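This report deals with the charged side chains of one protein and the salt bridges among them. An overview of the fold comes after the individual pairs.

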Amino acid sequence: MDGILVIDKPLGVTSHDMVSFTRRLFGIKKVGHTGTLDPAATGVLPVCIGKATKAADMLTASDKGYTAQMVLGMITDTLDSEGEILAEQPVNVTREEFEKAIMSFVGEIEQIPPMFSAIKQGGKKLYELAREGITVERKVRRVEIFKIEIHEIDMENYTATFSVYCSKGTYIRTLCEDIGMKLGCGGYMNTLRRIKSAGFTLEDSYTRETLVAMKEEGSLENAVIPIDRVFSQYKSVQLDNFLSQKAKNGVRIRRKGLKEGDMYRVYGEDGEFLCISRYEGGELILEKAFWN
């Protein structure tokens, strides 16, 4: 079995837990996820099965989408509702100021990754250092917020619910903290749900319960998305059997009429998805292989 399984990760379990679940479900060891989703978060978690694990690095680098709720007036050590409260401050902002502060983060911004994160520094994950009471200096990252949609602002409880579409490496917890700091009262992320990852949305996802039921009725394979769908944004090229074998041997394939610098999905004569190649200097150059 090869392909992508999009799981709607439930609250309270790790991304690794979902990899273990998938291994048991399919009876296959070669399984990997495409980017950690915290236990306190839910939503879209693409899991690669079999040959699709070769694409995991390309999927991890994709843009993401989240729906979050933030709360003004408190700062926590983890920047979310799971942490200890470090400070409480009065909130003296209007709805318009709250909304303006949220929307001001659209575009390229700088973020400092939170201490409670999986980034490694000196061979240790930051959250491991944080649990030991150690705080270290982190490098500023440039990320991009493509769009923010505000769904609700509750001025009675000083909360806001909004969706964020952003580049890889964006921390929504840090975004909530930065919004709170801009308003002068602090803030933290209360809930987080990932709604998009690697081009997949919640509509593509399955809960654990649904997947177990599908296995019992013998339809589990219907939940697995073919690997090449991940690269549907690239145009396709088909090779005859002779050139297919050449490609599998690592030979660059001469081809006319393709666009310089573009990536292409390459298929064999029988329709087998072979690889992703880059067109350069009149040749298809292998980027990622998916043949047997």
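In this predicted model, Lys147 is partly exposed, because its relative accessibility of 40% falls between the 20% and 50% limits. Glu149 is likewise partly exposed, at a relative accessible area of 30%. The two residues are joined by a salt bridge in which the closest N and O atoms are 3.2 Å apart.

A second salt bridge joins the side chains of Glu272 and Lys248, with an N to O distance of 3.7 Å. Glu272 sits in the loop between strand 17 (263-267) and strand 18 (273-280), while Lys248 belongs to helix 7 (residues 241-248), so this pair ties together parts that are 24 residues apart in sequence. Glu272 has a relative accessibility of 21% and therefore counts as partly exposed, since buried would require a value under 20%. Lys248 is also partly exposed, with a relative accessible area of 30%.

Glu283 and Arg254 form a further salt bridge, their closest N and O atoms lying 3.8 Å apart. This pair links distant parts of the chain, with Glu283 in strand 19 (residues 283-289) and Arg254 in strand 16 (residues 253-254), 29 residues apart. Arg254 is exposed, because its relative accessible area of 56% is over the 50% limit.

The three pairs are listed below.

| Pair | N to O distance |
|---|---|
| Lys147 and Glu149 | 3.2 Å |
| Glu272 and Lys248 | 3.7 Å |
| Glu283 and Arg254 | 3.8 Å |

Salt bridges also occur as a network, which links Glu108, Glu110 and Arg142. The count for the protein comes to twelve salt bridges.

How many charged side chains does the protein have, and how far apart are the centres of the two sets? There are 39 positive and 42 negative side chains, and the centres of these sets are separated by 8 Å.

The overall fold gives the setting for these pairs. The protein has seven helices and 19 strands. Its C-alpha atoms fill a box of roughly 70 × 50 × 40 Å along the principal axes. Of the 292 residues, 48% are buried. Among contacts with a separation of 6 or more, 64% are between residues 24 or more positions apart. The accessible surface amounts to about 14,800 Å², and carbon and sulfur atoms account for 47% of this area.

Conventions. Residues numbered from 1 in each chain as written. Predicted model: local features only at pLDDT ≥ 70, side-chain atom pairs only at ≥ 80, totals over all residues. Heavy atoms only, no water. Salt bridge = Lys/Arg side-chain N within 4 Å of Asp/Glu carboxyl O. Buried < 20%, exposed > 50% of the residue type's maximum accessible area, 1.4 Å probe, protein only. Helix = DSSP H or I, 4+ residues; strand = E, 2+ residues; numbered from the N terminus. Contact = heavy atoms within 4.5 Å. Areas by Shrake-Rupley, 256 points an atom, 1.4 Å probe, with all protein chains shown as cover. Lys, Arg positive; Asp, Glu negative; His and termini not counted. Charge placed at Lys NZ, Arg CZ, Asp CG, Glu CD.
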